[in-house]
Amino acid sequence: MTLDFSQYGGPSEEWLAVEKTLPALTFDIEADPVALRSAVNTERENRTAAAMAELSAHVDITDYSIPTRDGSSVQARTYRSIKTNKSDKLPVFLYFHGGGFIFGSLESEDATCTLTAIRTGVIVFHVNYRHTPEHTFPTAWHDAEDAFAWLHKNIDQVGGDSSKVVVGGVSAGGQLSAALTLEQHLGKSDVTKDLPKLAGQVLIIPCLASISNYDEGPGKKLKVSSYVENEHAPILPRKTVEFFMGLLKIGKVDLKDTKLNIVNASEEEVRGLPPTVFGIAGLDPLRDEGLLYAKLLTEANVPTEVRLFKGVPHGHRRFGDQLKKASKDWDDCIEEGISWVLSKPQATGKFEIKLP
């Protein structure tokens with residue numbers, strides 16, 4: 001049976017109005033990657049710093065250094081609402097940012113993490129995994145595992161509850177989150193297999209399939225894939241995905257690779273995964289792999305919630321109040337999603353796509 005999710009495509013009026021104001025519809029992938037990363041990170045950090053002028057007084061922020069398996073280290077930062085009781089052990093949201101494995105820093109995520117901490121009452125634990133072009137596959141995936149292990153080893157210092165660790169992320173960070181969850185579940189990582197099980201995952205516009213053999217995996221199940229429908233989509237057209245993936249220097253990818261082709265897991269392999277929330281953009285080449293994985297989890301009796309942001313492209317949250325409804329829907333998906341997975345919801349077995 002072939003599936004067709006193309007009814008979820010197409011731009012909204014709200015997006016078209018924003019698109020007219022943009023100097024470019026995607027990143028300059030002809031630029032030197034290091035220079036491009038610096039420019040994008042500076043823009044993201046400046047935007048965040050402006051928001052933090054008002055927000056910083058509402059959270060306690062602590063920085064940590066996490067040793068990695070290769071003798072290096074990555075930095076992490078926690079955010080905790082000042083309204084919480086300091087002696088309380090709180091749920092922890094282990095967060096991995098988006099940015100094609102090249103963009104993102106601790107500072108670029110300050111506002112996002114602060115708002116999540118304030119609105120949910122959980123501790124947000126943001127890990128600045130290492131980026132391309134210097135650090136190639138699978139460094140970021142190993143950093144995610146090492147950070148998860150460090151968090152559990154230091155859970156008392158962080159102030160968290162080890163039974164209530166939820167993982168989540170955006171785009172590339174969604175891929176790291178989904179891979180961490182699946183590989184822990186399958187006992188594939190010596191670093192994570194004996195740690196407390198994750199309480200849930202919140203996957204926002206996640207990358208769940210390798211573009212190099214997409215047509216042999218999710219593409220075979222689709223009448224018209226979102227990679228075809230949204231090949232020239234704004235923000236993340238196919239050529240930009242290929243640019244990001246090329247910097248990872250992955251080489252040949254196995255269809256069943258649990259770091260890259262998460263969507264190709266079997267029903268048996270995903271059965272027993274923790275409650276999972278998906279936030280998926282309609283105008284995104286990554287749309288269908290998110291929907292297919294959500295369908296797989298639902299049918300394997302994993303408690304699953306799927307929200308689809310219709311009419312907007314990948315990474316649209318950066319436009320803030322210019323996309324008032326879509327930005328609120330994104331924030332609600334994360335914040336309500338964290339609360340939902342922690343509520344230990346029951347599986348329905350019914351694949352339902354919610355349009356906020």
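The chain folds into eleven helices and nine strands, as seen in a predicted model. Its overall dimensions make a good starting point. Computed along the principal axes in the computational sense, the C-alpha trace spans about 55 × 45 × 40 Å. A compact globule of 356 residues would have a radius of gyration near 21 Å, and the 19 Å found for the chain agrees with this. Of these 356 residues, 60% count as buried.

Contacts across the chain add to this picture. Among those with a separation of 6 or more, 80% join residues that are 24 or more positions apart. The accessible surface comes to about 14600 Å², and carbon and sulfur atoms account for 50% of that area. As for charge, there are 39 positive and 48 negative side chains, with the centres of the two sets 3 Å apart.

With the overall picture in place, individual sites can be visited, beginning with T181. This residue sits in helix 6, which covers residues 172-185. T181 is buried, because its relative accessible area is 3%, under the 20% that sets the limit for buried residues. Its side chain has two polar partners to look at. One is the backbone oxygen of S177, reached at 2.8 Å; another is the side chain of Q201, with which T181 makes a polar contact at 3.2 Å. Leaving aside residues up to four places away in sequence, T181 touches V167, L198, Q201, L273 and P274.

Helix 8 (residues 238-248) offers a second view of the interior. Its buried residues are T240, V241, F243, F244, M245, L247 and L248. The cover over these residues includes helix 2 (33-55), helix 4 (139-153) and helix 7 (226-229). After helix 8 comes K249, whose phi is positive, near 50 degrees.

Helix 7, part of that cover, is also the place of Y227. Y227 counts as buried because its relative accessibility is 3%. Its neighbours, not counting residues up to four places away in sequence, are I211, Y214, R238, V241, P285, L286 and E289. V241 is one of the buried residues of helix 8, and this residue is touched by Y227. E289 is another of the residues that Y227 touches; the two lie 62 residues apart along the chain, with their C-alpha atoms separated by 9.6 Å.

Further along, N261 lies in the loop between helix 8 and helix 9 (267-270). Although N261 is in a loop, its relative accessibility is 2%, so it counts as buried. The side chain of N261 reaches the backbone oxygen of D254 at 3.1 Å. D254 also appears among the residues that N261 touches, a list that leaves out residues up to four places away in sequence and otherwise holds L208, A209, S210, N213, V253 and L255.

The start of the chain gives a useful contrast with these buried sites. M1 is placed in the segment before helix 1 (13-19). M1 is exposed, because its relative accessible area is 82%, over the 50% that marks exposed residues. The C-alpha atom of M1 is separated by 8.5 Å from that of L222, although the two residues are 221 residues apart along the chain.

How values were computed. Residues numbered from 1 in each chain as written. Predicted model: local features only at pLDDT ≥ 70, side-chain atom pairs only at ≥ 80, totals over all residues. Heavy atoms only, no water. Helix = DSSP H or I, 4+ residues; strand = E, 2+ residues; numbered from the N terminus. Buried < 20%, exposed > 50% of the residue type's maximum accessible area, 1.4 Å probe, protein only. Polar contact = N/O pair within 3.5 Å; in protein donor to acceptor, adjacent residues only side chain to side chain. Contact = heavy atoms within 4.5 Å. Rg over C-alpha atoms; globule rule 2.2 N^0.38 Å. Areas by Shrake-Rupley, 256 points an atom, 1.4 Å probe, with all protein chains shown as cover. Lys, Arg positive; Asp, Glu negative; His and termini not counted. Charge placed at Lys NZ, Arg CZ, Asp CG, Glu CD.
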